[in-house]
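User: Please take a close look at the sheet in this model, and at what packs around it. I am in my first year, so explain each term as you go.

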Amino acid sequence: MEELLIALVTGLVEDKTAVQVQKDEPNEEGVTVYHIHVAADDMGRVIGKQGRIAKAIRTVMRAAAVRVGEKVQVDID
């Protein structure tokens with residue numbers, strides 16, 4: 001899952017070395033939270049106009065998680 005998220009985000013940003021993904025342990029509801037950290041200049045590229053790209057990233061991650069029987073949440077920091 002983490003590799004998929006990194007692949008999605010690095011395709012969007014200019015500074016690929018600044019991309020960091022932090023994974024939290026599953027909470028009591030079984031949801032694993034992924035935190036994306038990118039360069040300040042690339043934040044708009046990851047979020048997109050009106051949050052459309054961020055919403056698309058979250059949708060792809062949820063769909064991939066369902067296939068492997070997990071629950072995920074993606075936060076952009």
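Analyst: Start with the sheet itself. Three strands form an open sheet in the order S1-S2-S3, and the pairing is mixed. Strand S1 (20–23) and strand S3 (71–76) are the edge strands, and each pairs on one side only. From one strand to the next, the twist averages 25°.

A word on the source. This is a predicted model, in which local features need pLDDT of at least 70 and side-chain atom pairs count only at pLDDT 80 or more, while totals for chains, interfaces and linings use all residues. Residues are numbered from 1 along each chain as its sequence is written, and side-chain values use heavy atoms, with hydrogens and water left out.

Now some terms. Helices (H or I, at least four residues) and strands (E, at least two) are DSSP runs, numbered from the N terminus. Two strands pair if DSSP finds at least two bridges between them. Axes are lines fitted to C-alpha atoms, for helices over the stretch in contact, and angles run from 0 to 180 degrees between N-to-C directions.

Next, the pairing. Strands of a sheet pair through backbone hydrogen bonds, either parallel or antiparallel. This sheet has both kinds: S1 and S2 pair in the antiparallel sense over four bridges, whereas strand S2 (residues 31–37) and S3 run parallel, joined by six bridges. Between S1 and S2, Lys23 stands opposite Tyr34. Tyr34 also has a bridge partner in S3, namely Val74. Elsewhere along S3, Val72 is opposite Thr32, and Asp75 is opposite His35.

How enclosed is S2? Here buried means under 20% relative accessible area, exposed means over 50%, and partly exposed is in between (1.4 Å probe, protein chains only). Six of the seven residues of S2 are buried, so the strand is largely enclosed by the rest of the structure.

Thr32 gives a detailed view of S2. This residue is in strand S2, and it is buried, with a relative accessible area of 6%. Contact means heavy atoms within 4.5 Å. Not counting residues up to four places away in sequence, Thr32 touches Lys23, Asp24, Pro26, Lys71, Val72 and Gln73.

Pro26 deserves its own look. It sits in the loop between S1 and S2. Its relative accessibility is 47%, so it counts as partly exposed. Leaving aside neighbours within four places in sequence, Pro26 is in contact with Val31 and Thr32. Pro26 and Lys71 are 45 residues apart along the chain, yet their C-alpha atoms are separated by 8.7 Å.

Move to S3 and its two faces. In a regular strand the side chains alternate between the two faces of the sheet. S3 shows this: Val72, Val74 and Ile76 point to one face and are buried, while Lys71, Gln73 and Asp75 point to the other and are not.

Two of those buried residues lead to a helix. Met61 touches Val72 and Val74, along with Met1, Leu4, Leu5 and Leu8, not counting residues up to four places away in sequence. Met61 lies in helix H3. It is buried, with a relative accessible area of 0%. The C-alpha atoms of Met61 and Val74 are separated by 7.8 Å, and the two residues are 13 residues apart along the chain.

Finally, the helix pair. Two packed helices are described by the angle between their axes and the distance between the axes. The axes of helix H1 (residues 2–10) and helix H3 (residues 52–67) come within 11 Å and cross at roughly 155°. H1 and H3 are therefore roughly antiparallel to each other; angles under 35 degrees count as roughly parallel, over 145 as roughly antiparallel, 65 to 115 as roughly perpendicular and the rest as oblique. Leu4, Leu5 and Leu8 of H1 make the contact with Ile57, Val60, Met61 and Ala64 of H3. By type, the residues of this contact are seven nonpolar, no polar and no charged. In this scheme Ala, Val, Leu, Ile, Met, Phe, Trp, Tyr, Cys and Pro count as nonpolar, Asp, Glu, Lys and Arg as charged, and the others, Gly among them, as polar.
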